Amino acid sequence: KILVTGALGQIGSELTMKLRDTYGNDNIIASSRRIKEGHEKLIESGPFEVLNINDGKEVSNVVRKHNVNTIINLAAILSAVGEKDPLACWNVNMNGLINILEVGKEEKCQVFTPSSIAAFGPNTPPDNTPQDTIQRPSTIYGVTKVAGEILCDYYFKKFGVDTRGVRFPGLISYETLPGGGTTDYAVHIYYDAVKNKEYTSFIDKGTKMDMMYMPDALDAIINLMEADPSKLIHRNAFNVTAMSFAPEELADSIRKIIPEFKLKYDVDHVRQAIAESWPNSLDDTAAREEWGWNPKYDIDSMTKDMLEKLSAKLK
Ligand code: VAH
């Protein structure tokens with residue numbers, strides 16, 4: 001049985017439905033700190049628990065109640081929101097995580113926790129960033145991602161908990177909006193392209209960041225969790241990426257379908273500074289070699305699918 005925390009978030013809402021399709025509705029327990037409207041179909045399609053991962057007893061109760069043997073811990077506060085409330089970010093991303101790892105140890109669960117390109121900082125080599133390199137992030141979110149990677153490796157080495165993770169780039173999807181990150185511009189641009197044929201970006205021209213379409217992100221989680229552990233040299237966390245672009249390159253891709261699309265800029269200096277502290281492109285060779293990572297979507301196939309799905313959704 002698989003427990004998904006943060007199951008109503010940008011990744012969790014789609015992962016839960018894909019896992020239910022793959023492994024059967026009753027084998028996937030979705031959980032969230034609170035019920036949010038717009039997720040009725042997910043909540044009704046299988047077991048759902050209101051769960052605050054900062055309450056270790058609650059986590060243990062849910063895991064034992066449902067005989068959970070795999071925990072996918074997606075509950076987190078992201079980069080931009082984290083900078084507004086660093087203590088809340090630390091509390092959810094670290095105190096919540098160690099509760100998950102402690103229960104994983106006690107109940108012998110496999111544990112997946114996503115890291116992020118945010119785990120790198122301004123003095124990390126920015127182009128083709130290596131799997132193993134310096135990690136001195138300059139956001140509290142990034143601090144929790146590096147600390148989380150090291151904590152997950154510790155629980156593997158010290159207690160044998162089967163912990164695994166990937167460093168996600170910006171994730172683009174049309175089901176659930178992202179929860180306050182820096183790469184969110186690459187999602188909002190598509191909504192505005194469909195609604196207004198123009199978008200004002202809070203990230204500046206020329207700012208390259210790694211990105212990935214959600215279907216590839218979901219496959220990454222499932223394929224890593226199903227990978228043969230004897231082949232894993234790394235565990236927390238693998239560089240994974242599918243593409244890297246700056247806002248004007250995304251606008252070019254959109255204009256192949258909406259020729260009159262206009263991109264404007266109104267730079268948000270907080271999120272611009274965060275974006276500039278992150279890599280321009282990642283080297284994901286280790287993920288490809290150790291568990292067969294191989295993304296399917298590039299910028300144009302993602303744009304085609306996003307615009308089709310959003311045109312239907314926003315009609
Ligand atoms: C954020 N979407 O912007 C998240 C992610 C790599 C970016 O961690 O904070």
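**Cores, a helix and Asp192**

Modeller: The largest nonpolar core holds 61 residues, and those with the most contacts inside it are Ile172, Tyr185, Tyr190, Phe245, Leu250, Ile254 and Phe261. A second, separate core of 34 residues includes Leu42, Leu74, Met212 and Val240. This is a predicted model, where local features need pLDDT of at least 70, side-chain atom pairs count only at pLDDT 80 or more, and totals for chains, interfaces and linings use all residues. Residues are numbered from 1 along each chain as its sequence is written, and side-chain values use heavy atoms, leaving out hydrogens and water.

Colleague: What makes a set of residues a nonpolar core?

Modeller: Its members are buried Ala, Val, Leu, Ile, Met, Phe, Trp, Tyr and Cys residues joined through side-chain atoms within 4.5 Å.

Colleague: Why is Asp192 called partly exposed?

Modeller: Buried means under 20% relative accessible area and exposed over 50%, with partly exposed in between (1.4 Å probe, protein chains only). Asp192 has 21% relative accessibility, so Asp192 counts as partly exposed.

Colleague: Which residues does Asp192 touch, not counting those up to four places away in sequence?

Modeller: Contact means heavy atoms within 4.5 Å, and on that basis Asp192 touches Lys197, Glu198 and Tyr199. Phe261 also touches Lys197, Glu198 and Tyr199, among others.

Colleague: How do you know that the span of helix H6 is close to the expected one?

Modeller: Helices are DSSP runs (H or I, at least four residues), numbered from the N terminus. The expected span is 1.5 Å times one less than the number of residues. For the 20 residues of H6 (140-159) that gives 28 Å, and the helix reaches 27 Å from its first C-alpha to its last.

Technical notes:
Helix = DSSP H or I, 4+ residues; strand = E, 2+ residues; numbered from the N terminus.
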